[in-house]
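Ready for a few short exercises on a protein model? Try each task with the structure open, then read the worked solution below it.

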Amino acid sequence: MTHPRSILLDAQARTGSIPVCDHYSGVEARMRRSLQMQAELTQEFGACVVDVTLDCEDGAPVGGEAEHAALVTELALGSDAQARVAVRVHAVDHPAFEADVATIAGRAGSRLSHLMLPKVETVQDIERAVRAVDAAGAGALALHALIESPAAVHRAYDIAAHPRVQSLSFGLMDFVSAHGGAIPGTAMDVQGQFAHPLVLRAKLEIASACHAHGKVPSHCVVTEFKDKEALAAAARKAARELGYTRMWSIHPDQVRVLLDAFAPDERDIDTAAAVLVAAERAEWAPVSHDGKLEDRASYRYHWQVLQRAHQTGRSLPHEVRGWFQPPAA
(Lines give C-alpha, C1' and ligand atoms only; values in the text may rest on other atoms or scores of the structure.)
Protein backbone atom coordinates (compact mmCIF):
# COMPACT_ATOMS: atom_id res chain seq x y z
CA MET A 1 0.00 0.00 0.00
CA THR A 2 1.69 3.18 -1.18
CA HIS A 3 1.59 5.82 1.52
CA PRO A 4 0.10 9.18 0.41
CA ARG A 5 2.79 10.98 2.35
CA SER A 6 5.44 9.63 -0.02
CA ILE A 7 3.49 10.79 -3.07
CA LEU A 8 1.71 14.01 -2.14
CA LEU A 9 4.44 16.58 -1.74
CA ASP A 10 4.31 18.54 1.57
CA ALA A 11 0.88 17.13 2.43
CA GLN A 12 2.04 16.31 5.94
CA ALA A 13 3.78 19.63 6.51
CA ARG A 14 0.89 21.70 5.29
CA THR A 15 -1.65 19.91 7.45
CA GLY A 16 0.36 19.28 10.55
CA SER A 17 0.34 16.03 12.45
CA ILE A 18 -0.45 17.27 15.95
CA PRO A 19 -3.73 16.80 17.83
CA VAL A 20 -6.56 19.29 17.22
CA CYS A 21 -7.03 19.87 20.97
CA ASP A 22 -4.46 21.46 23.29
CA HIS A 23 -5.53 21.06 26.92
CA TYR A 24 -4.05 23.39 29.57
CA SER A 25 -3.72 22.89 33.31
CA GLY A 26 -1.40 24.34 35.93
CA VAL A 27 -2.52 23.15 39.37
CA GLU A 28 -0.89 19.87 40.42
CA ALA A 29 -4.10 17.88 40.91
CA ARG A 30 -5.48 19.09 37.59
CA MET A 31 -2.24 18.41 35.76
CA ARG A 32 -2.25 14.83 37.02
CA ARG A 33 -5.91 14.43 36.08
CA SER A 34 -5.21 15.86 32.62
CA LEU A 35 -2.46 13.30 31.99
CA GLN A 36 -4.79 10.53 33.15
CA MET A 37 -7.55 11.83 30.85
CA GLN A 38 -5.11 11.88 27.93
CA ALA A 39 -4.14 8.26 28.58
CA GLU A 40 -7.80 7.21 28.77
CA LEU A 41 -8.65 8.94 25.50
CA THR A 42 -5.63 7.43 23.79
CA GLN A 43 -6.75 3.97 24.87
CA GLU A 44 -10.32 4.67 23.76
CA PHE A 45 -9.47 6.04 20.31
CA GLY A 46 -6.27 4.16 19.58
CA ALA A 47 -4.39 7.42 18.97
CA CYS A 48 -3.31 10.44 20.99
CA VAL A 49 -6.12 12.91 20.29
CA VAL A 50 -5.22 15.66 22.76
CA ASP A 51 -2.03 17.39 23.83
CA VAL A 52 -1.61 18.17 27.52
CA THR A 53 0.23 21.41 28.22
CA LEU A 54 1.46 21.85 31.78
CA ASP A 55 1.38 25.52 32.64
CA CYS A 56 4.17 27.42 34.34
CA GLU A 57 3.09 30.92 33.31
CA ASP A 58 -0.29 31.03 35.06
CA GLY A 59 0.17 27.88 37.12
CA ALA A 60 3.29 28.83 39.09
CA PRO A 61 2.71 30.81 42.29
CA VAL A 62 4.67 34.03 42.54
CA GLY A 63 7.94 33.19 44.24
CA GLY A 64 7.46 29.50 43.61
CA GLU A 65 8.48 29.41 39.96
CA ALA A 66 11.46 27.11 40.47
CA GLU A 67 9.45 24.60 42.48
CA HIS A 68 6.67 24.58 39.89
CA ALA A 69 9.15 24.05 37.06
CA ALA A 70 10.57 21.08 38.97
CA LEU A 71 7.05 19.70 39.44
CA VAL A 72 6.08 19.87 35.77
CA THR A 73 9.42 18.34 34.86
CA GLU A 74 8.72 15.33 37.10
CA LEU A 75 5.20 15.00 35.67
CA ALA A 76 6.54 15.06 32.12
CA LEU A 77 9.24 12.50 32.93
CA GLY A 78 6.66 10.27 34.58
CA SER A 79 4.18 10.36 31.70
CA ASP A 80 3.64 7.50 29.28
CA ALA A 81 6.23 7.26 26.53
CA GLN A 82 3.53 7.65 23.87
CA ALA A 83 1.94 10.69 25.52
CA ARG A 84 2.21 14.17 24.04
CA VAL A 85 3.14 16.48 26.91
CA ALA A 86 4.12 20.12 26.51
CA VAL A 87 4.95 22.94 28.91
CA ARG A 88 4.10 26.62 28.77
CA VAL A 89 7.09 28.43 30.25
CA HIS A 90 7.27 32.05 31.31
CA ALA A 91 7.73 34.77 28.70
CA VAL A 92 11.27 35.37 27.46
CA ASP A 93 11.53 38.66 29.37
CA HIS A 94 10.34 37.15 32.67
CA PRO A 95 13.03 36.59 35.33
CA ALA A 96 12.10 32.90 35.53
CA PHE A 97 12.34 32.16 31.81
CA GLU A 98 15.96 31.00 31.63
CA ALA A 99 15.58 28.84 34.72
CA ASP A 100 12.33 27.35 33.37
CA VAL A 101 14.01 26.26 30.17
CA ALA A 102 17.16 25.01 31.86
CA THR A 103 15.16 22.84 34.25
CA ILE A 104 12.32 21.66 32.01
CA ALA A 105 14.00 21.35 28.63
CA GLY A 106 17.30 20.36 30.21
CA ARG A 107 15.83 17.40 32.10
CA ALA A 108 12.68 16.48 30.16
CA GLY A 109 13.32 17.85 26.68
CA SER A 110 13.33 14.41 25.09
CA ARG A 111 9.90 13.67 26.60
CA LEU A 112 8.21 16.90 25.54
CA SER A 113 6.29 17.45 22.32
CA HIS A 114 6.99 21.21 22.40
CA LEU A 115 7.41 24.31 24.53
CA MET A 116 4.76 27.03 24.45
CA LEU A 117 6.22 30.56 24.53
CA PRO A 118 3.76 33.18 25.80
CA LYS A 119 3.72 36.86 24.86
CA VAL A 120 5.92 36.53 21.81
CA GLU A 121 6.33 39.94 20.20
CA THR A 122 9.11 39.53 17.64
CA VAL A 123 11.27 37.00 15.83
CA GLN A 124 14.03 38.03 18.23
CA ASP A 125 11.95 36.55 21.07
CA ILE A 126 11.92 33.24 19.21
CA GLU A 127 15.67 33.44 18.67
CA ARG A 128 16.22 34.07 22.37
CA ALA A 129 14.12 31.02 23.19
CA VAL A 130 16.03 28.92 20.64
CA ARG A 131 19.33 29.84 22.25
CA ALA A 132 18.03 28.88 25.69
CA VAL A 133 16.55 25.59 24.49
CA ASP A 134 19.70 24.69 22.58
CA ALA A 135 21.86 25.54 25.59
CA ALA A 136 19.72 23.14 27.62
CA GLY A 137 20.51 20.36 25.15
CA ALA A 138 17.02 20.14 23.63
CA GLY A 139 17.75 21.37 20.13
CA ALA A 140 15.12 19.11 18.54
CA LEU A 141 12.28 20.54 20.64
CA ALA A 142 9.55 22.34 18.69
CA LEU A 143 8.35 25.77 19.77
CA HIS A 144 4.81 27.13 19.81
CA ALA A 145 4.24 30.87 20.07
CA LEU A 146 1.36 32.71 21.71
CA ILE A 147 0.38 35.90 19.86
CA GLU A 148 -1.20 38.31 22.33
CA SER A 149 -0.77 41.93 21.18
CA PRO A 150 -1.44 44.13 18.14
CA ALA A 151 2.30 44.37 17.42
CA ALA A 152 2.67 40.60 17.57
CA VAL A 153 -0.23 40.17 15.14
CA HIS A 154 1.53 42.61 12.80
CA ARG A 155 4.64 40.38 12.91
CA ALA A 156 2.79 37.06 12.81
CA TYR A 157 4.01 36.17 9.30
CA ASP A 158 7.65 36.63 10.27
CA ILE A 159 7.18 34.66 13.50
CA ALA A 160 5.40 31.83 11.68
CA ALA A 161 8.23 31.69 9.14
CA HIS A 162 10.82 30.75 11.78
CA PRO A 163 11.89 27.13 11.18
CA ARG A 164 11.67 26.17 14.86
CA VAL A 165 8.07 27.39 15.22
CA GLN A 166 5.47 24.68 14.74
CA SER A 167 2.29 26.53 15.71
CA LEU A 168 0.87 29.95 16.57
CA SER A 169 -1.89 30.42 19.13
CA PHE A 170 -4.08 33.48 19.63
CA GLY A 171 -4.20 34.93 23.15
CA LEU A 172 -7.63 36.52 23.20
CA MET A 173 -7.80 38.08 26.65
CA ASP A 174 -4.34 39.63 26.58
CA PHE A 175 -5.01 40.90 23.05
CA VAL A 176 -8.18 42.65 24.17
CA SER A 177 -6.58 44.17 27.28
CA ALA A 178 -3.57 45.32 25.21
CA HIS A 179 -5.86 47.89 23.58
CA GLY A 180 -6.24 49.98 26.75
CA GLY A 181 -10.00 49.77 26.89
CA ALA A 182 -10.55 50.51 23.20
CA ILE A 183 -12.03 47.02 22.75
CA PRO A 184 -14.91 46.24 25.13
CA GLY A 185 -14.79 43.36 27.54
CA THR A 186 -17.63 41.69 25.67
CA ALA A 187 -15.10 40.86 22.94
CA MET A 188 -13.68 38.21 25.29
CA ASP A 189 -16.90 36.22 25.52
CA VAL A 190 -17.93 33.35 23.29
CA GLN A 191 -20.01 35.50 20.94
CA GLY A 192 -18.17 38.82 21.07
CA GLN A 193 -14.82 37.32 20.09
CA PHE A 194 -16.26 36.47 16.68
CA ALA A 195 -18.01 39.82 16.24
CA HIS A 196 -15.51 42.57 17.09
CA PRO A 197 -13.64 43.59 13.91
CA LEU A 198 -10.20 43.95 15.49
CA VAL A 199 -10.40 40.59 17.23
CA LEU A 200 -11.70 38.86 14.12
CA ARG A 201 -8.98 40.48 12.01
CA ALA A 202 -6.31 39.26 14.43
CA LYS A 203 -7.62 35.71 14.25
CA LEU A 204 -7.59 35.77 10.46
CA GLU A 205 -4.09 37.23 10.30
CA ILE A 206 -2.71 34.51 12.56
CA ALA A 207 -4.43 31.72 10.64
CA SER A 208 -3.24 33.15 7.33
CA ALA A 209 0.33 33.51 8.60
CA CYS A 210 0.36 29.88 9.69
CA HIS A 211 -1.00 28.55 6.42
CA ALA A 212 1.47 30.69 4.46
CA HIS A 213 4.34 28.87 6.17
CA GLY A 214 2.90 25.39 6.72
CA LYS A 215 2.36 25.87 10.47
CA VAL A 216 -0.60 25.01 12.70
CA PRO A 217 -3.00 27.81 13.74
CA SER A 218 -4.43 27.20 17.22
CA HIS A 219 -7.61 29.01 18.26
CA CYS A 220 -8.04 30.71 21.62
CA VAL A 221 -9.99 29.63 24.67
CA VAL A 222 -13.71 29.76 25.32
CA THR A 223 -14.02 30.55 29.02
CA GLU A 224 -17.72 29.61 29.23
CA PHE A 225 -16.75 25.96 29.68
CA LYS A 226 -20.17 24.88 31.01
CA ASP A 227 -21.95 26.04 27.84
CA LYS A 228 -21.13 23.11 25.55
CA GLU A 229 -23.40 24.28 22.73
CA ALA A 230 -21.71 27.68 22.59
CA LEU A 231 -18.29 26.04 22.73
CA ALA A 232 -19.17 23.69 19.88
CA ALA A 233 -20.47 26.56 17.77
CA ALA A 234 -17.29 28.58 18.41
CA ALA A 235 -15.06 25.63 17.54
CA ARG A 236 -16.94 24.90 14.32
CA LYS A 237 -16.70 28.55 13.31
CA ALA A 238 -12.97 28.62 14.05
CA ALA A 239 -12.43 25.43 12.04
CA ARG A 240 -14.75 25.98 9.09
CA GLU A 241 -14.71 29.75 8.61
CA LEU A 242 -11.43 31.03 10.07
CA GLY A 243 -9.06 28.25 9.01
CA TYR A 244 -7.99 26.99 12.44
CA THR A 245 -6.93 23.36 12.78
CA ARG A 246 -6.40 23.29 16.55
CA MET A 247 -7.97 24.86 19.66
CA TRP A 248 -7.27 25.32 23.35
CA SER A 249 -9.16 23.53 26.11
CA ILE A 250 -9.10 24.79 29.71
CA HIS A 251 -11.51 22.27 31.25
CA PRO A 252 -11.81 18.50 30.77
CA ASP A 253 -15.45 18.89 29.70
CA GLN A 254 -14.28 20.86 26.66
CA VAL A 255 -12.09 18.16 25.14
CA ARG A 256 -14.71 15.89 23.57
CA VAL A 257 -16.67 18.89 22.34
CA LEU A 258 -13.59 20.15 20.49
CA LEU A 259 -12.82 16.72 19.04
CA ASP A 260 -16.35 16.51 17.64
CA ALA A 261 -16.30 20.07 16.29
CA PHE A 262 -12.96 19.68 14.48
CA ALA A 263 -13.74 16.22 13.10
CA PRO A 264 -14.72 15.88 9.43
CA ASP A 265 -18.22 14.71 8.55
CA GLU A 266 -18.57 10.97 8.00
CA ARG A 267 -19.56 11.59 4.39
CA ASP A 268 -16.35 13.56 3.81
CA ILE A 269 -14.30 10.77 5.41
CA ASP A 270 -15.89 8.14 3.19
CA THR A 271 -15.39 10.29 0.07
CA ALA A 272 -11.75 10.99 0.93
CA ALA A 273 -11.05 7.30 1.46
CA ALA A 274 -12.74 6.28 -1.80
CA VAL A 275 -10.89 8.91 -3.82
CA LEU A 276 -7.48 8.03 -2.38
CA VAL A 277 -7.97 4.30 -2.82
CA ALA A 278 -8.89 4.92 -6.48
CA ALA A 279 -5.90 7.23 -6.84
CA GLU A 280 -3.52 4.63 -5.47
CA ARG A 281 -4.90 2.02 -7.87
CA ALA A 282 -4.29 4.51 -10.70
CA GLU A 283 -0.72 5.05 -9.41
CA TRP A 284 -1.72 8.58 -8.41
CA ALA A 285 -2.72 9.65 -11.91
CA PRO A 286 -5.96 11.65 -12.28
CA VAL A 287 -9.19 9.70 -11.76
CA SER A 288 -12.92 10.31 -12.10
CA HIS A 289 -15.04 9.97 -8.96
CA ASP A 290 -18.79 10.65 -8.90
CA GLY A 291 -18.44 12.48 -12.19
CA LYS A 292 -15.69 14.80 -10.95
CA LEU A 293 -12.03 15.00 -11.91
CA GLU A 294 -9.67 14.29 -9.04
CA ASP A 295 -5.91 14.80 -9.24
CA ARG A 296 -2.97 15.41 -6.91
CA ALA A 297 -4.23 18.82 -5.82
CA SER A 298 -7.49 17.33 -4.58
CA TYR A 299 -5.70 14.20 -3.35
CA ARG A 300 -3.80 16.40 -0.91
CA TYR A 301 -7.09 17.78 0.39
CA HIS A 302 -8.61 14.33 0.81
CA TRP A 303 -5.49 13.13 2.62
CA GLN A 304 -5.82 16.07 4.98
CA VAL A 305 -9.43 15.04 5.68
CA LEU A 306 -8.26 11.55 6.64
CA GLN A 307 -5.48 12.94 8.82
CA ARG A 308 -7.94 15.14 10.67
CA ALA A 309 -10.31 12.21 11.10
CA HIS A 310 -7.47 10.21 12.63
CA GLN A 311 -6.46 13.11 14.88
CA THR A 312 -10.02 13.37 16.22
CA GLY A 313 -10.42 9.65 16.87
CA ARG A 314 -12.89 8.98 14.09
CA SER A 315 -13.32 5.51 12.65
CA LEU A 316 -11.68 5.17 9.25
CA PRO A 317 -12.78 2.90 6.40
CA HIS A 318 -10.79 -0.33 6.60
CA GLU A 319 -9.20 0.25 3.17
CA VAL A 320 -7.15 3.18 4.49
CA ARG A 321 -6.44 2.19 8.09
CA GLY A 322 -3.04 0.80 7.12
CA TRP A 323 -1.84 4.33 6.35
CA PHE A 324 -2.23 5.18 10.03
CA GLN A 325 -0.64 2.11 11.57
CA PRO A 326 2.76 2.62 13.20
CA PRO A 327 5.65 1.22 11.14
CA ALA A 328 6.68 -2.31 11.97
CA ALA A 329 9.62 -2.59 14.33
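**Exercise 1. Find which domains the chain is divided into, and how far apart their centres are.**

Solution. Keep in mind that this is a predicted model. Start with the bounds: domain 1 covers 21-262 and domain 2 covers 265-323. Next, take the centres over C-alpha atoms; they are separated by 30 Å. Finally, look at who takes part in the contact: 7 residues come from domain 1 and 7 residues from domain 2.

**Exercise 2. Work out how much area is buried between domain 1 and domain 2, and which three residues of domain 1 supply the most.**

Solution. The size of an interface is often given as the accessible area lost when the parts come together. For domain 1 and domain 2 that buried area is about 570 Å². Carbon and sulfur atoms give 48% of it. Now turn to the domain 1 side: Phe45, Leu259 and Phe262 supply 51% of the area that domain 1 buries against domain 2, more than any other three residues.

**Exercise 3. Look for salt bridges and polar contacts across the interface of domain 1 and domain 2, then describe the domain 1 side.**

Solution. First, the salt bridges: the rule finds 1 across the interface. To see a salt bridge in the model, go to Asp260 and Arg314, whose side chains meet at 2.4 Å, N to O. Second, the polar contacts: 2 residue pairs are found across the interface. Third, ask which element gives the most to the side of domain 1 that touches domain 2: helix H11 (residues 252-262) does, with 3 residues. Sorting the residues of that side gives 5 nonpolar, no polar and 2 charged.

**Exercise 4. Decide whether His144 is buried or exposed, and find the partners of its side chain.**

Solution. Begin with the location: His144 lies in strand E5 (residues 142-147). Its relative accessible area is 1%, and buried means under 20%, so His144 is buried. Then list its contacts, leaving out residues up to four places away in sequence; among them are Ile18, Met116, Ser167 and Arg246. Last, check the polar contacts of the side chain: one joins His144 to the side chain of His114 at 3.4 Å, and another joins His144 to the side chain of Gln166 at 2.6 Å.

**Exercise 5. Do the same for His302: is this residue buried or exposed, and what does His302 touch?**

Solution. His302 is found in helix H13 (residues 296-311). With a relative accessible area of 8%, His302 is buried. Not counting residues up to four places away in sequence, His302 touches Thr271, Ala272, Val275, Leu276 and Glu294.

Notes
Residues numbered from 1 in each chain as written. Predicted model: local features only at pLDDT ≥ 70, side-chain atom pairs only at ≥ 80, totals over all residues. Heavy atoms only, no water. Domains from an automatic or database assignment. Contact = heavy atoms within 4.5 Å. Buried area = accessible area lost by both parts, 1.4 Å probe. Salt bridge = Lys/Arg side-chain N within 4 Å of Asp/Glu carboxyl O. Polar contact = N/O pair within 3.5 Å; in protein donor to acceptor, adjacent residues only side chain to side chain. Helix = DSSP H or I, 4+ residues; strand = E, 2+ residues; numbered from the N terminus. Nonpolar A, V, L, I, M, F, W, Y, C, P; charged D, E, K, R; others polar. Buried < 20%, exposed > 50% of the residue type's maximum accessible area, 1.4 Å probe, protein only.
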